[in-house]
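Grab a pencil and open the viewer. Here are a few short exercises, each with a worked solution.

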Amino acid sequence: MAQKRISWVTKNQPTASKPDHPSPRQAFEALFFEYMGLPARELPVLSETDTEIVWRSINPCPTLEACQRLGLDTRQVCRGAYEKSTQAFLSQLDPQLRFLRNYAEIRPYSEQCKERIIQVDFEGMLRLAIAEARVSKQEGNKGYGAIVVFGHEILGKAHDTAVAKPDPSLHAEVNAIRQAVQALGEGNLSGAILFSTCEPCPMCSSLAVWANLTTIVYGVSIEETAQMGKSRIRVSAKEIVERSPVMIEVIGDVLWQECRALYA
């Protein structure tokens, strides 16, 4: 499903014609009107700002019909089949556009499905992780910071505490993901983004896989920090994800200079 949607965007919206930062409204129209061919009357908009559009889906849904025939739960089926594939479509337009669905308001548990597209400030979020990395250094740790974000909500914000505890598993990403899981009360973080000052190590990337995060965003790479003398296992987050059973988007070099300065 994701490959199909990515191929459509690549074919129908060449890079030269794409705006640098399309609005949530533009992404909404590209997905539902241009790609899916749905009429506007089946997707009434509830609210809209420059950074968010919220709507209800009332269109005839083959997935809903199939789930009802087979006795399947749409909250599980739609989350597994459509959430990340829809995000893959949006990320081709702008990775900062995020698709979010309210699973408490999804058919047949509600009369309509409530969904939204928002715009997340990647640099602003990563600066919060950088602030955590500075706290880490002040406490005598190694200077890594991470946050987990769902929409505009911060579910976890932490730094590495492996030296101070001491516990070698307590990387910044591990601490942030644990906080996020506790905040949500479940281990599935689909829809969430992990922001990290440095590319997550194989242990942390694997945890992101098992937590089913949607996206990893980092500042400076494992390879670069290794070249600066940091002790690293030289396996990239992308390689871990590619060998895993889930789809996670990996985006590097955000605020590269500021993050690199933490380890120079």
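The exercises below deal with a predicted model, going from its sheet to its helices and cysteines.

**Exercise 1.** Work out the strand order of the open sheet and find which strands sit at its edges.

*Solution.* Start by laying out the five strands: they run β6-β5-β7-β8-β9, with mixed pairing. Next, look for strands that pair on one side only; these are β6 (153-159) and β9 (249-251), the edge strands. Finally, check the turn between neighbours: it averages 15°, direction ignored.

**Exercise 2.** In which sense do β5 and β7 pair, parallel or antiparallel?

*Solution.* Take residues 145-150 for β5 and 193-198 for β7. The two strands pair in the antiparallel sense, over four bridges. For one specific pair, go to alanine 146, whose bridge partner in β7 is serine 196.

**Exercise 3.** Find which strands helices α5 and α6 lie across.

*Solution.* Begin with α5 (residues 122-138): this helix lies across β5, β6, β7, β8 (215-220) and β9, at about 50° to β7. Then move to α6 (residues 172-184), which lies across β5, β6 and β7 and runs at about 145° to β6.

**Exercise 4.** Explain why cysteine 78 has no bond to the closest cysteine sulfur.

*Solution.* First, find that closest sulfur: it belongs to cysteine 67, 5.7 Å away. Now bring in the cut-off: a disulfide needs sulfur atoms within 2.5 Å. The 5.7 Å gap is therefore too far for a bond. Cysteine 78 is also buried, at 8% relative accessible area. Cysteine 61 is in no disulfide either, with its nearest cysteine sulfur, in cysteine 78, 5.8 Å away. Overall tally for the structure: zero disulfides.

Key: Residues numbered from 1 in each chain as written. Predicted model: local features only at pLDDT ≥ 70, side-chain atom pairs only at ≥ 80, totals over all residues. Heavy atoms only, no water. Pairing = 2+ DSSP bridges. Axes fitted to C-alpha atoms, helices over the stretch in contact; angles between N-to-C directions. Contact = heavy atoms within 4.5 Å. Buried < 20%, exposed > 50% of the residue type's maximum accessible area, 1.4 Å probe, protein only.
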